[in-house]
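Q: Could you take a close look at one part of this model for me? I'd like the side-chain details, told as one connected story.

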Amino acid sequence: KKLLAKLPSLPQSCVESAKIIQSKRHLYEHENIFPPSVIDYMAKVLRDENDDKMNGWLQELPAADRLLEIRKIMHKDLHKH
């Protein structure tokens, strides 16, 4: 429980994840772990999800509808990569 309390919370959206990747890109690019083009690409893919308001929208749905929408979201890109 102590360890969990110390860990940062996960981003609330892909858009937020893109911002974090961009702000910490120096960590990923250090010693050429990832080239800048990979960081740029991943940030763009995440930003393009355009899901920064999705949590609020999902919370407003009735439970059954929310479950259906979450399943759609989880499966929409399952075979994309």
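What follows is a walk around one helix and its surroundings.

Q: Which helix gives the most to the nonpolar patch, and what sits around that helix?

A: Happy to. Keep in mind that this is a predicted model. The helix you're after is α4, which gives the most to the nonpolar patch, with three residues. α4 covers 36–47.

Let's begin on the outside. The patch is made by L27, Y28, I33, F34, V38, Y41 and M42, and it takes up about 630 Å² of nonpolar surface. α4 isn't working alone here: α3 (25–29) and α4 each put in at least two residues. I33, another patch member, sits in the loop between α3 and α4. I33 has a relative accessible area of 53%, so it counts as exposed, the cut-off being over 50%.

Now for the inside. The largest nonpolar core has five residues, namely A18, I21, I39, A43 and L46. Both α2 (14–23) and α4 supply at least two residues of this core, and α4 again gives the most, with three. If you want one core residue to zoom in on, try A43: setting aside residues up to four places away in sequence, A43 touches A18 and Q22. A18 is itself a member of the core.

Next, have a look at R25, which is found in helix α3. You might guess that an arginine would stick out, but R25 has a relative accessibility of 19%, and it counts as buried because the cut-off is under 20%. What does its side chain do there? It makes a polar contact of 2.7 Å with the side chain of E29, and it also reaches the backbone oxygen of P36 at 3.3 Å. Leaving out neighbours within four places in sequence, R25 is in contact with P36, I39 and D40. I39 also belongs to the nonpolar core, which ties R25 back to the inside story through that contact.

Finally, go to the far end of the helix. D48 lies in the loop between α4 and α5 (54–60). The side chain of D48 is joined to that of K44 by a polar contact of 2.5 Å. For a sense of distance, D48 and P11 are 37 residues apart in sequence and 16 Å apart in space, going C-alpha to C-alpha.

So, to pull α4 together: three of its residues go to the nonpolar patch, three go to the largest nonpolar core, and D48 sits in the loop that leads on to α5.

How values were computed:
Residues are numbered from 1 along each chain as its sequence is written. This is a predicted model: local features need pLDDT of at least 70, side-chain atom pairs count only at pLDDT 80 or more; totals for chains, interfaces and linings use all residues. Side-chain values use heavy atoms; hydrogens and water are left out. Helices (H or I, at least four residues) and strands (E, at least two) are DSSP runs, numbered from the N terminus. A polar contact is a pair of N or O atoms within 3.5 Å; within protein, one must be able to donate a hydrogen and the other to accept it, and residues adjacent in sequence count only if both atoms are side-chain atoms. Patches are made of residues with over 30% relative accessible area and no salt bridge: like charges are joined within 9 Å, nonpolar side chains (Val, Leu, Ile, Met, Phe, Trp, Tyr) within 5 Å. Accessible areas come from the Shrake-Rupley method with a 1.4 Å probe; for residues, only the protein chains shown count as cover. A salt bridge is a side-chain nitrogen of Lys or Arg within 4 Å of a carboxyl oxygen of Asp or Glu. Buried means under 20% relative accessible area, exposed over 50%, partly exposed in between (1.4 Å probe, protein chains only). A nonpolar core is a set of buried Ala, Val, Leu, Ile, Met, Phe, Trp, Tyr and Cys residues joined through side-chain atoms within 4.5 Å. Contact means heavy atoms within 4.5 Å.
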